[in-house]
Amino acid sequence: MGFRVLQNGEVTLVEVEGQLIVGNRQELKQQVLDRLERGDRKFVIDFANTGYIDSSGLGVLVSLSKKIREQGGELRLSSLNEDLRTLFELTKLDTLFRIADTKEKALEGF
Amino acid sequence: MNRDLVLELPTDVRTIEHAVEYVIGRCPCCAEEARRLDLNFRVGLTEALSNAMLYGNSRDPSKRVLVEIAFLDECIQARVTDQGDGFDPASVPDPTTPENLTKPCGRGLFLMRKLLDEVKYNAQGNQVTLVLKLDSGGMLEGGVQA
């Protein structure tokens with residue numbers, strides 16, 4: 001499990017490797033907040049290599065989205081597999097986030 | 001409750017993933033149930049363990065979580081017991097309402113209820129029994145249908 005952070009122009013791309021769960025969600029949160037603090041405002045979190053997100057992981061995404069919006073920025077998500085999409089739909093978080101099929105599509109139009 | 005597997009876990013969230021994989025790996029389910037096992041049961045059990053450790057045991061490393069698993073013909077049962085004082089599951093609000101949607105907490109129990117066929121707490125609220133019904137008519141090794 002880990003996170004790869006890349007810069008794509010003005011957009012900060014975070015690739016989640018493995019699960020996003022209670023044991024590592026704080027690390028993701030800190031990575032994003034550090035960059036928000038230094039002025040980054042556009043974020044994409046990509047889940048192409050993620051099989052599972054637990055409720056703590058969902059919670060940290062909600063928290064980050066709120067903090068980024070408060071700073072005038074935007075958080076988008078990308079590459080959710082079928083199971084992850086199910087979790088987002090069940091919790092209605094698919095209505096809260098802009099979700100793209102791929103990170104390339106998420107980066108477009110930012 | 002029949003017990004095919006019994007695990008006693010420390011209150012350490014880092015043990016959850018491995019424990020859930022261990023249980024799923026020992027489930028003699030047929031291929032037709034694989035997705036429900038891999039999503040519904042995995043999520044339900046993970047959330048129950050997480051709640052037991054974070055809220056039930058209040059992250060106290062001196063407390064333990066007991067996990068009892070039964071593989072039955074018609075269902076899989078998982079019972080998770082923590083050493084806390086318990087809580088009232090009816091007091092947990094719906095996280096999907098507009099006023100709660102942007103809150104970071106409250107989705108664990110909701111997901112358990114959505115994905116599992118039964119979620120029953122004992123009177124004290126420190127023990128939950130999860131049931132995943134098997135629709136395929138039974139569990140046989142090698143994916144052979146009964």
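Which residues of α3(A) are buried? The legends below refer to a predicted model, and the first of them takes up this question.

**View 1. The two faces of helix α3(A), residues 82-90.** The buried residues of this helix are Leu84(A), Leu87(A) and Phe88(A). They lie on the same side of α3(A) because the arc they cover around the axis is only 95°. An α-helix has 3.6 residues a turn, so positions three or four places apart point the same way. Strand β3 (42-49) and helix α2 of chain A are among the elements that cover the buried residues of α3(A). On the face turned away from the buried side, the exposed residues are Glu82(A), Arg85(A) and Glu89(A). Lys92(A) follows the helix and has a positive phi, near 60°.

**View 2. The open sheet of chain A.** Five strands of chain A make up this sheet, in the order β1-β2-β3-β4-β5, with mixed pairing. β1 (2-8) and β5 (98-100) are the edge strands, each pairing on one side only. From one strand to the next, the twist averages 25°. Strands of a sheet pair through backbone hydrogen bonds, in either the parallel or the antiparallel sense. β1(A) and β2(A), the latter spanning residues 11-17, run antiparallel and are joined by seven bridges. Within this pair, Val5(A) has Val14(A) of β2(A) as its bridge partner.

**View 3. The side of chain A that touches chain B.** Here 20 residues of chain A are in contact with 19 residues of chain B. On the chain A side, α2 (55-70) and α3 (82-90) each supply at least two residues. The most comes from α2(A), which gives eight residues. Sorted by class, this side of chain A holds eight nonpolar, eight polar and four charged residues. Helix α2(A) thus appears in two of these views: it also belongs to what covers the buried residues of α3(A).

**View 4. Chain B as a whole.** Chain B contains three helices and five strands. Along the sequence they follow the pattern β-α-α-β-β-α-β-β. The radius of gyration of chain B is 15 Å, which agrees with the value near 15 Å that a compact globule of 146 residues would have. Taken along the principal axes, the C-alpha atoms of the chain fill a box of roughly 45 × 40 × 30 Å. Of the 146 residues, 33% count as buried. Among contacts in chain B between residues at least 6 apart in sequence, 66% join residues at least 24 apart.

**View 5. Strand β3(B), residues 75-81, and its pairing with β2(B) and β5(B).** β3(B) is mostly covered, with five of its seven residues buried. Strand β2(B), residues 64-71, runs antiparallel to β3(B), and six bridges join the two. A hairpin of three residues links β2(B) to β3(B). In this pairing, Ile69(B) stands opposite Ala78(B) of β3(B). β3(B) also pairs with β5(B), residues 127-133, in the antiparallel sense, over seven bridges. There, Thr81(B) stands opposite Gln127(B) of β5(B).

Key
Residues numbered from 1 in each chain as written. Chains lettered and ligands numbered in written order. Predicted model: local features only at pLDDT ≥ 70, side-chain atom pairs only at ≥ 80, totals over all residues. Pairing = 2+ DSSP bridges. Helix = DSSP H or I, 4+ residues; strand = E, 2+ residues; numbered from the N terminus. Axes fitted to C-alpha atoms, helices over the stretch in contact; angles between N-to-C directions. Contact = placed C-beta atoms within 7 Å. Nonpolar A, V, L, I, M, F, W, Y, C, P; charged D, E, K, R; others polar. Buried ≥ 20, exposed ≤ 12 C-beta atoms within 10 Å, placed from the backbone. Arc of directions from axis to C-beta. Rg over C-alpha atoms; globule rule 2.2 N^0.38 Å.
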